[in-house]
Structures are given as structure tokens and as C-alpha cells.
Amino acid sequence: MIGVVFEGCACRAAFHAGVAGALAEAGLPIAITAGASSGSIVAAALAAGRGRDVPALWEEVGGRSIVSWRRALANRSPFDMSTIVRTALRGALGDGDLRAAPIESLCTATRLRDFRPLVLSSRREPDFVEAVLGSCFFPLLYGRPVRLAGALVVDGGATDNLPVEALAARGATTILAVVAAADGTARKRPFAARHRPADAAPPGTRVVTIHPRRPLAIQAWDLDRDRLRAAVAEGRDAALRAVDRL
């Protein structure tokens, strides 16, 4: 059973978009996806059968500014990430009802009142767009707060930025872990020591890490068109190398 997990890494998830596109084109029999923050966007789109379209959908936001004074009142913030992400998600997922989709998707969020990690499933959420928005919510950058099951939530990366264990708990025996660092490491949460994704997997689970060969030029809050396209292309190449190893 193959699962794919995408690290949260803000705009550097353009790399993830390239990975998702290549995996879909390769026809890999993926049974489940997972992600945190921006990684949850790609995971949900791949599970919804939009994997081939993810690179183009991601590139549509290229050249946008993350600041918008014109929409500051509607966004409740001078930052435009709420509108950018919500619009992209609705374009990819429509009404967000993925309960009947062939692939399950998981995303992590952090319950604000006790900082408890939550794992949300597309099999249970009637509108998975709201779950993903909750996974992405970062105060100030995202002006509109999100409630899930009645509780205010913040970015899933605050407590579980690479939910390898959640995939293993659902029965994934081979996990493709997609991370943005060229050395193939990730942080489970802010300020934690960097680790290799395989270190978080239970015994008997095979983990194949997909990462760029060199540091990505694109930065965390960067929608430059050229850097975004380069990251997408790097993701495609990295995914094809990983598929050859399976």
C-alpha cells in the first residue's frame, strides 16, 4: 500500500506540485496521501484526481503578491494568502467533498486551545477545503481564522509538519516522503532538530524520500514565476528518480 506525504513549506511546495504531477503521470497506485500546511494542498489535489493538473494550478498563482491592500478588509489582513489559497483550493477541489474519492487524504491541524495535533480525513470531512485551510492557517499571513469541529485551529506544521506516522497508522507500507531540503531532511515542528523521514516510520515501513538535488531558489513566501516554475521542474525530476527506485 503506497502513501505519499508532503511536508509543509509554504511557497516552496511548488516543488511538491511537480512531484504530484509526475507521480500522477506515472500511474503510481497511490492509496492515501497526507500533508501539513502547504503540503496538505498538494496532498488533497492528488487524492482528488487532480495530480496532473497540480503544476498548472500552482503556476497560476505565479507573479501574485502576498500583500493586497485592496482586499485587506475582506481578508482581515494586508496579506492576501487567505484569498490566494482559498481560490486555488476551490479551483482544484470544487465543493471539497472528497468522501467518495478513490484516494483518501489526511491533513494535520493544531487545535489552538491546547496545541493538540489533529489529523483530519477526506473520508469524514464534508468539505475538505476547510480542513486544508485550517492546516494552512498562520496568524497575520492568513487573516480569516478557521474552526474545525467547533475549535479554532492553526497551521498543522506547528505540531506535525510531516505526518509519516499517520500514513503508517492507515496501513501504508511504502511511504514517499516529499521534502523541500536538498539533504532530504525535515523538521517535525518549528525549532525541532532536523531528521530523516524514515526515522519517524514504524518498523517494517519502507520510506523513500523525494527531495531536490540542490537547494531550491524559491523562498518560503515567494511567488516569483521563474523560481516557481524551476521548483516545479525540479519536483518532476525528483519524482521520476524516485519512481525508478520503487
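**Exercise 1. Find the angle at which helix 1 and helix 8 pack, and decide how to describe it.**

Solution. Start with the geometry: helix 1 (residues 14-26) packs against helix 8 at an angle of about 45°, and their axes are 6 Å apart. Keep in mind as you work that this is a predicted model. Next, compare the angle with the cut-offs: under 35 degrees would be roughly parallel, and 65 to 115 roughly perpendicular. The angle fits neither class, so helix 1 is oblique to helix 8. Finally, look at the handedness: the crossing of helix 1 past helix 8 is right-handed.

**Exercise 2. Work out which residues of helix 1 and helix 8 meet, and what kinds they are.**

Solution. First, go along helix 1, where the residues in contact include A14, F15, V19 and L23. Then turn to helix 8, whose partners include L228, V232, E234 and L240. Now sort the residues of this contact by type: 14 are nonpolar, three are polar and three are charged.

**Exercise 3. E234 in helix 8 also takes part in a salt bridge; name its partner and say whether each of the two is buried or exposed.**

Solution. Step one is the partner: the side chain of E234 meets that of R214 in a salt bridge, at 3.4 Å from N to O. Step two is location: E234 lies in helix 8 (residues 225-245), while R214 sits in the loop between strand 8 (206-210) and helix 8, so the pair ties together parts that are 20 residues apart in sequence. Step three is exposure. E234 has a relative accessible area of 8%, which is under 20%, so E234 is buried. R214 has 52%, which is over 50%, so R214 is exposed.

**Exercise 4. Describe the salt bridge between R86 and E130, and the network around it.**

Solution. Here is a helpful idea to begin with: side chains of opposite charge can pair when their charged atoms come close. For R86 and E130, the closest N and O atoms are 2.9 Å apart. This pair links distant parts of the chain, with R86 in helix 5 (residues 81-93) and E130 in helix 6 (residues 128-136), 44 residues apart. Both ends are partly exposed: R86 has a relative accessibility of 29%, and E130 has 24%. Now widen the view: R86, R90, D127 and E130 are linked in a network of salt bridges.

**Exercise 5. State how many salt bridges the structure holds, and examine the one between R50 and D53.**

Solution. The count is 14 salt bridges. In the R50 and D53 bridge, the closest N and O atoms are 2.7 Å apart. R50 is partly exposed at 23%, and D53 is partly exposed at 32%.

Terms used
Residues are numbered from 1 along each chain as its sequence is written. This is a predicted model: local features need pLDDT of at least 70, side-chain atom pairs count only at pLDDT 80 or more; totals for chains, interfaces and linings use all residues. Side-chain values use heavy atoms; hydrogens and water are left out. A salt bridge is a side-chain nitrogen of Lys or Arg within 4 Å of a carboxyl oxygen of Asp or Glu. Buried means under 20% relative accessible area, exposed over 50%, partly exposed in between (1.4 Å probe, protein chains only). Helices (H or I, at least four residues) and strands (E, at least two) are DSSP runs, numbered from the N terminus. Axes are lines fitted to C-alpha atoms, for helices over the stretch in contact, and angles run from 0 to 180 degrees between N-to-C directions. Angles under 35 degrees count as roughly parallel, over 145 as roughly antiparallel, 65 to 115 as roughly perpendicular and the rest as oblique. A crossing is left-handed if the near helix is turned anticlockwise from the far one by less than a right angle, and right-handed if clockwise. Contact means heavy atoms within 4.5 Å. Ala, Val, Leu, Ile, Met, Phe, Trp, Tyr, Cys and Pro count as nonpolar, Asp, Glu, Lys and Arg as charged, and the others, Gly among them, as polar.
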